[in-house]
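I set out to record what I looked up in this structure. The entries cover the nonpolar cores, one hairpin and one cavity.

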Amino acid sequence: MAAIVSLFAFVFAIVGLSNLSLIQAQKGGFSVELIHRDSPKSPLYNHLDTTYNRVTNALRRSFNRVHRFKPTSVSTMEAEADVIADSGEYLMNISIGTPAFDIVAIADTGSDLIWTQCKPCSQCFPQNAPLFDPTASSTYKKFSCRTSQCGDVEGTSCSSNGSCQYSVSYGDGSYSKGEVAADTLTLDSTTGSPVVVPNVIMGCGHDNDGSFDENTSGIIGLGGGDSSLISQLGTTVDGKFSYCLLPFSEAGNSSKMNFGSDAIVSGNGAVSTPLTKQSPQTFYFLTLEAISVGTNRIKYTDKPFGTDQGNIIIDSGTTLTLLPDDFYSELESAVSSMINATKVNGPEGLNLCYDATTEFAVPDITVHFSGADVKLQPLNTFVLVSETVACFTFSPVPNFAIYGNLAQMNFLVGYDTIKQTVWFKPSVCSNSIEEYSSDLEIERIRNDQVREESLHQEGRDVDIPRIIDDRDKSIREHVVPIVDDLNLGIVRPHIIHCKIVPEHG
């Protein structure tokens, strides 16, 4: 049975640092910079793409990615990992082998196996970087079919010489085949030294093809299965990891992916919901009870995975939130009834779109998971797909449910795979305001007049674009300005300036 994938990629930037053992790392942890896929810092950056090109491409990949969930076969360490958001895909730059060999791979919460393209390669997808050569690593070792390590990887078989072979294939036709092996994995550290993790089970792919970007080398599995990076780190990270996904508007800023005690999500506004174990164990299943639009609570009764519990997958690699057809229709009707704007046609698959050349109010939308009410912001629920069109970020699919990454942006999302819990906390994910922690609150600016008077008192004669929102939305001023899609669907393209003030009391 092959691993099942929805792409979730991160980039760890690990450069020329001294070795630090996994035991030593428990004292200090490790980190790398989180960079948006469309930042000039990203290896996937395309200067010819407009913001709207990137958004539209991400939405298109969102639907393609659904097929990846349907296979054709089958002491606590504190750590952080830099993430490069790929507008629906994320990349991770890690090092494997001895000496360390840098690779850029798709980091994926919807798959388990860590694999990279290797020499010799009978069939490989185009790759800009050199291929990993296992013969050049002094710590690389293969496994026979009779070993427990071979049994930990799904979809394995025996070669003619008795070595353990893996084969994974995905619904879109992508695949990887090769040998199951172990080698040293190197991750960056918050102490400034890399964490070296020995004997990590991985796949060395000699036959790989499909819809992989030439800037990537393979996949880093972050799912719940035995062979994933999370499971292999085990008790050293206490089964914990977290991430904070940047909005499209903040491509130039950075954030972190955390492991171990650094991944604990707590404090003001943090809510938690149980993870539900079911097949396949790769995926992270949550229980969705309802979605509220204003005061209208729409009960969710669908069972796309055959049970009331674990009825939706949380996936950071799918851009949109995808819901079963009938439930989506109720939700769309409720949202539409509360928006006074002109409906227009949007990209294929986006059913509810509006003319964004005039301002319109976005209703309050709250996602009710079991034990956790997650109140979404406008950037989570509407996205500008062009200069003139804003679309609802939820979409219908037949008998399936995924909580996508647009709904998770500017939330700190934490996973505890031992206690089987997922946490959500409203956050600002860019490094430019990272110093403002949970003891800060965003000052509420209640109307245009108050904002303008405040600025005039400071001697600044500024024309402020009007913000319309039936919930009196907080507008943030970072150290750097925020572009319009911090409040997508509410204002036309402008630079919005506000301020953050210390919490009182």
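**Entry 1: nonpolar cores.** The model is predicted, and I began with its largest nonpolar core, which has 88 residues. I noted the residues with the most contacts inside this core: Ile314, Phe369, Tyr403 and Phe424. I then listed the contacts of Ile314, leaving aside its neighbours within four places in sequence. The aromatic names I found there are Tyr243, Tyr284, Tyr403, Tyr415 and Phe424. Ile314 is also in contact with Leu286, Gln408, Val413 and Val422. Tyr403 and Phe424 thus appear both among the partners of Ile314 and among the residues with the most contacts inside the core. I also found a second, separate core of 18 residues, which includes Val168, Tyr170, Ala182 and Ile201.

**Entry 2: a hairpin.** I looked up the pairing of β19 (residues 288-293) with β20 (residues 296-299) and found it antiparallel, over 4 bridges. Within this pair, Ala290 of the first strand stands opposite Lys299 in β20. The hairpin has 2 residues between the strands, and I noted that Gly294 takes a positive phi near 65°.

**Entry 3: a cavity.** I turned to the second largest cavity, whose volume is about 30 Å³. Which strand gives the most to its lining? I found that β11 does, with 3 residues. Both β11 (175-187) and β12 (195-209) supply at least two residues each. I recorded the lining as Ile96, Ile114, Asp183, Thr184, Leu185, Val200 and Met202. By class, I counted 5 nonpolar, 1 polar and 1 charged residue in this lining.

Notes
Residues are numbered from 1 along each chain as its sequence is written. This is a predicted model: local features need pLDDT of at least 70, side-chain atom pairs count only at pLDDT 80 or more; totals for chains, interfaces and linings use all residues. Side-chain values use heavy atoms; hydrogens and water are left out. A nonpolar core is a set of buried Ala, Val, Leu, Ile, Met, Phe, Trp, Tyr and Cys residues joined through side-chain atoms within 4.5 Å. Buried means under 20% relative accessible area, exposed over 50%, partly exposed in between (1.4 Å probe, protein chains only). Contact means heavy atoms within 4.5 Å. Two strands pair if DSSP finds at least two bridges between them. On a 1 Å grid over the protein atoms alone, a cavity is a set of points where a 1.4 Å probe fits but cannot get out, and a pocket is an open set with protein on both sides within 12 Å along at least five of seven lines; lining residues have an atom within 4 Å of a point. Grid points are joined across faces, edges and corners, and a volume is the space filled by probe spheres set on the points. Ala, Val, Leu, Ile, Met, Phe, Trp, Tyr, Cys and Pro count as nonpolar, Asp, Glu, Lys and Arg as charged, and the others, Gly among them, as polar.
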